[in-house]
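Hi,

Here is the structure I promised to pass on. Have a look at it first, and my notes follow underneath.

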Amino acid sequence: MSELLDLTAAQAAEAVHAGSVDPGDLWAAYRERALADDLNAFSWVSGDVSPPEVERNAPLAGVPVAVKDLFCTEGIPSQAGSRILEGYRPPYTATAVERLVSAGAPLLAKTHQDEFAMGSSTENCAFGPVLNPWDRSRVPGGSSGGSAAAVASGAAPWAIGTDTGGSIRQPAALCGIVGLKPTYGAVSRYGMIAFASSLDQAGPLTRDVTDSALLFGAMVGQDPCDSTSLAFPEPVGLPSATDLRGLRLGVPEELSGEGIEAGVLATFRESLDLARDLGADIVDIRLPHAPHALAAYYLIAPAEASANLARFDGVRYGLREEAGDLLSMYTRTRATGFGPEVKRRIMLGTYALSSGYYDAYYGRAQKVRTKIAEDFTAAWEVCDFMVSPTSPGVAFELGAKTDDPWAMYLNDYCTVPIPLAGLPAISIPNGLADGLPTGFQIAGPAFSENRILEAAHALEQAIGFDGSPARGGVR
Amino acid sequence: MLSRDQVLHVARLARLELSEDELERMAGELSGVLGHIEKIGELGDLEGVPPTSHVVAVENALRADEPRPCLPREVALASAPDPVAGGFRVPSPGAAPV
């Protein structure tokens, strides 16, 4: 059984295709492992002892998948980490999940997350924090912390999450796995419980880059139910590159100096040297507006959230607190159902949109967003990819940043500029600093996922990191 | 620093009831975050810069307006806290809020 769990998802799929592994055994092994999870990674684990019928020749070959709580799954609890949706069982399934299931990946489990994806540590989960498998006194990152911890601890072969300001890439970095945030529109948002609709994007969290490409390829595609989704312009291939010859990697000084922990910076520079050895040109670039991305993000995302979360009003689904009149029912339901960070962001967003403040806050943030996108457009004139550390620090102790919202928000410093411009980026494991995983981020132009995955694959081979905490990262 | 009245006003707009403790904490925390956010003021004049509300340039996504099956009523009502007679029941709006 344990050998089954050691296979990467792509290896397991290949073994199923070759007939040497039975999908039923794979399901049983992972279900047993998921039920034994002690990191609080899961909000729900399938009760089916035998797996749903799977076509052996399907692309994902019966390799089960774990899915972040906020994806609607028909008849299965979908709570987005919130009390206000406790026990909610939606009447339909998100397109991204539907695509994975029809490509042959049965739903193994749902994973815990920060409430409505608002957070960088998964401590804002109404059902308790998720622990980091590398050190249980530390956070796994967030908001897709349950998905990251599940994959890093081997409790799931692979998982999906969502990234609004870094919620796939940052937990992937802090847990020593691979996280891909696709181009905005590449994956349908239909059935994802919305946080900030102009930024939210679903993507894979996996043990390696090959798994990332395989899972991503099964998720993409235009969806009539999401009018902002776009057709991916080419098939998603499995990466095979082992060098970076002819590629120019742009290093922005704004994201690779001040504010980054020394240990994280050291591993980043080591990987730049490896990239140079693989034939890449390392070039200095400027993203002059990137230092203002965090401020723009923490106006735009809460503003959109304040509108999106208006739907939680105790009328159609979820919690209701009874009251004598309608307005009191709304305000009490929301007071009881939302946690402190969600209330903070709703308040911030409502304030930024309110009469007299709109132009100075929300309006100005939208203009800064334009400038950030222009910075990237200019950068692509002189480099193929932008590279940086994924997170300014390694996994921190539980409770270390819960009393200071801005200290928590600073976790997103290197990841937020990218979704503001709608661009794709990957985080790959970049070795350890102080015994904890760090991430190497590669961002590219819209729809450059295939090229990003190839570059990430070459660098991954050179870095030679083993994502298993049990083996301490040594391959 | 946001005043207590400002926080109460925003909470009312956001349909959130805040306890006395929450009110006080929220005023401090929001003021702290806004202090950092206000640094985007340092960028100077952005007159003439077009705002970006969305990165995908989709003008309109149209489909034929044809009737098709939707969720059955009882399924749509299944998660409602108080479904009555095929609809959602809510308390009376009562008097207009002041």
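A definition before the findings: angles under 35 degrees count as roughly parallel, over 145 as roughly antiparallel, 65 to 115 as roughly perpendicular and the rest as oblique. This is a predicted model, where local features need pLDDT of at least 70 and side-chain atom pairs pLDDT 80 or more, while totals for chains, interfaces and linings use all residues. Residues are numbered from 1 along each chain as its sequence is written, with chains lettered from A and ligands numbered from 1 in the order written.

Now the contact between the chains. Helix α11 of chain A (residues 340-353) and helix α1 of chain B (residues 4-13) have axes that come within 9 Å and cross at roughly 95 degrees, so α11(A) and α1(B) are roughly perpendicular to each other. (Axes are lines fitted to C-alpha atoms, for helices over the stretch in contact, and angles run from 0 to 180 degrees between N-to-C directions; helices are DSSP runs of H or I, at least four residues, numbered from the N terminus.) On the α11(A) side, A:M347, A:T350 and A:Y351 meet B:V10, B:A11 and B:L13 of α1(B), contact being C-beta atoms, placed from the backbone, within 7 Å. That contact has five nonpolar residues, one polar and no charged. (Ala, Val, Leu, Ile, Met, Phe, Trp, Tyr, Cys and Pro count as nonpolar, Asp, Glu, Lys and Arg as charged, the others, Gly among them, as polar.)

Overall, 44 residues of chain B touch 54 of chain A. On chain B's side, α2(B) gives the most, seven residues, and the split is 30 nonpolar, eight polar and six charged.

Cheers

How values were computed:
Helix = DSSP H or I, 4+ residues; strand = E, 2+ residues; numbered from the N terminus. Contact = placed C-beta atoms within 7 Å.
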